[in-house]
Amino acid sequence: MQVSNLANTLIGSEIIKIGNEVNEMKRKGAQIANLTIGDFDPSIFPIPEALESEIVKAYHEGHTNYPPADGILSLRETVTRILSDRYQLNYTINDILVAGGSRPLIYAVYLALVDPGDKVIYPAPSWNNNHYCHLSNANGIAITTTVEDNFMPTAAQLRPHLKGATLLALCSPLNPTGTMFTAEQLEEICDLVIEENQSRGADEKPLYIMYDQIYSLLTFGRAHVDPVSLRPALKDYVVYIDGISKCLAATGVRVGWAFGPASIMAKMKAILGHIGAWAPKAEQVAVANYFGDHTLVDGFLASFKAQVQQSLDALYEGFKELKNEGFAVDAVVPMGAIYLTLKIDYIGKTTPDGQLLQTSADVNFYLIKAAQTALVPFSAFGNSENMPWFRASIGGCSLQDIKNMMSRIKAALSALH
Ligand SMILES: Cc1ncc(COP(=O)(O)O)c(C=O)c1O
């Protein structure tokens with residue numbers, strides 16, 4: 001069958017591929033600790049009860065027709081209030097665009113700003129920018145970051161690439177690493193963007209920042225920072241991505257929003273209007289009612305974050321213990337989101353049945369089989385397959401699952417030579 005070049009050259013999600021393999025093994029009866037997908041098992045991490053009630057109520061009230069293309073007014077009003085109360089950011093209802101989760105909004109940012117061949121800069125590891133570059137025919141440039149900087153991009157790494165670029169895609173807390181920008185790191189990057197834009201003529205397209213802060217309410221004691229708060233002069237050049245998928249464990253509810261310059265939001269609205277990627281109206285009504293109630297949301301977040309952090313800490317401590325025992329592993333302190341960065345430095349080793357582990361994917365599949373533990377190698381996030389770093393996502397496992405898996409990992413690593 002002849003299909004478009006775009007369809008022919010599309011690369012499926014590596015994470016979903018690993019997840020499917022795990023599900024297939026589970027179907028056959030294997031017990032696997034699935035630390036792959038950035039999702040939540042609703043039996044371990046349910047959505048807030050009050051949100052669920054609001055959704056049911058909204059359906060009973062008959063909110064089943066098309067929502068307005070930019071989102072219902074009451075939700076956009078709620079978002080403006082959250083932005084000023086929680087982030088001290090001043091945006092009006094015309095600066096906000098609601099959609100069915102944050103993915104369509106990210107794609108709309110690319111489509112609204114990037115012309116075919118335009119340079120888009122993003123860090124590696126990062127989530128899905130390579131795919132959005134492909135979808136928009138951008139010239140994607142992945143900047144490899146290092147553990148010394150907690151895998152966050154630095155101004156020094158970005159500086160040589162910003163000349164003439166259209167979009168700088170940033171995210172904090174970062175998927176896949178669970179690490180965050182410090183104010184100083186982000187300020188230095190913001191200053192570069194300001195400098196680059198000052199060097200461009202009035203008829204040139206400026207350099208924009210897409211700032212994905214979908215995990216900003218899931219931080220563990222560190223302050224979330226964002227470009228416009230640090231450098232108000234950037235307000236015309238930053239589009240933020242946010243929503244409820246992660247902070248309310250509500251990945252299947254599908255409500256996200258972007259905010260930024262009203263003229264860009266209007267273009268994104270027109271693009272998404274053709275795609276029809278609106279959030280369901282009843283869910284919008286429910287989120288408008290629920291998310292505006294700080295007491296309810298803070299109460300949920302306090303216990304949800306504690307549960308997420310407990311799992312991340314247990315995994316972190318488990319790997320630190322293995323390291324102290326002499327295993328070639330390491331872990332980066334969890335700062336935010338639902339991810340832990342793990343080093344499992346066993347590329348080049350041989351399994352008990354004689355297979356040489358040549359790539360991080362080989363190590364991953366060995367751990368799935370030998371330790372019934374599934375991770376995602378950083379090669380799924382734009383890094384090389386020789387890099388011994390992995391993402392562990394804790395949303396699909398109980399704390400007990402995580403504690404149980406450590407002895408299996410130890411035994412599996414001990415069996416390598
Ligand atoms: C950084 C980041 N942005 C956006 C998304 C997508 O969120 P949504 O489910 O709201 O589309 C994810 C999901 O994994 C993510 O990790």
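Which helix contributes the largest share of the shell around the ligand? In this predicted model, that share comes from helix H5 (residues 102–113), which supplies 3 residues. The ligand sits in the largest pocket, and 13 residues surround the ligand. Beyond the ligand site, the structure holds 18 salt bridges, and cis peptide bonds precede Pro125 and Pro173.

**Ligand site**

- Among the residues that surround the ligand, the closest are Asn175, Asp212, Tyr215, Ser245 and Lys246.
- The shell is mixed in class, with 5 nonpolar, 4 polar and 4 charged residues.
- Asp212 places a polar side-chain atom 2.6 Å from a nitrogen atom of the ligand.
- Tyr215 also approaches through its side chain, a polar atom of which lies 2.7 Å from an oxygen atom of the ligand.
- Arg103, by contrast, contributes a polar backbone atom, and an oxygen atom of the ligand is 3.0 Å from that atom.
- On its own the ligand has 400 Å² of accessible area, of which the protein covers 97%.

**Salt bridges**

- Side chains of opposite charge can pair when their charged atoms come close.
- One of the 18 salt bridges in the structure is formed by Asp70 and Lys269, whose closest N and O atoms are 3.7 Å apart.
- Asp70 lies in the loop between helix H3 (49–60) and helix H4 (73–87), whereas Lys269 belongs to helix H10 (residues 262–275), so this pair ties together parts that are 199 residues apart in sequence.

**Cis peptide bonds**

- Most residues other than glycine have a negative phi, and most peptide bonds are trans.
- Ala124 and Pro125 are nevertheless joined by a cis peptide bond, with omega about 10°.
- Pro125 is located in the loop between strand E3 (119–124) and helix H6 (129–135).
- A cis bond also runs from Ser172 to Pro173, where omega is near -10°.
- The loop that holds Pro173 lies between strand E5 (167–171) and helix H8 (183–198).

**Positive phi outside glycine**

- Asn137 is a residue other than glycine, yet its phi is positive, near 55°.
- Asn137 is placed in the loop between H6 and strand E4 (139–144).
- Gln372, likewise not a glycine, has a positive phi of about 45°.
- Gln372 occupies the loop between helix H13 (360–371) and strand E11 (373–374).

Technical notes. Residues numbered from 1 in each chain as written. Predicted model: local features only at pLDDT ≥ 70, side-chain atom pairs only at ≥ 80, totals over all residues. Heavy atoms only, no water. Near = heavy atom within 4 Å. Polar contact = N/O pair within 3.5 Å; in protein donor to acceptor, adjacent residues only side chain to side chain. Areas by Shrake-Rupley, 256 points an atom, 1.4 Å probe, with all protein chains shown as cover. 1 Å grid on protein atoms, 1.4 Å probe; cavity = no way out; pocket = protein on both sides within 12 Å on 5 of 7 lines; lining within 4 Å. Sits in = over half its atoms within 2 Å of the grid points. Helix = DSSP H or I, 4+ residues; strand = E, 2+ residues; numbered from the N terminus. Nonpolar A, V, L, I, M, F, W, Y, C, P; charged D, E, K, R; others polar. Salt bridge = Lys/Arg side-chain N within 4 Å of Asp/Glu carboxyl O.
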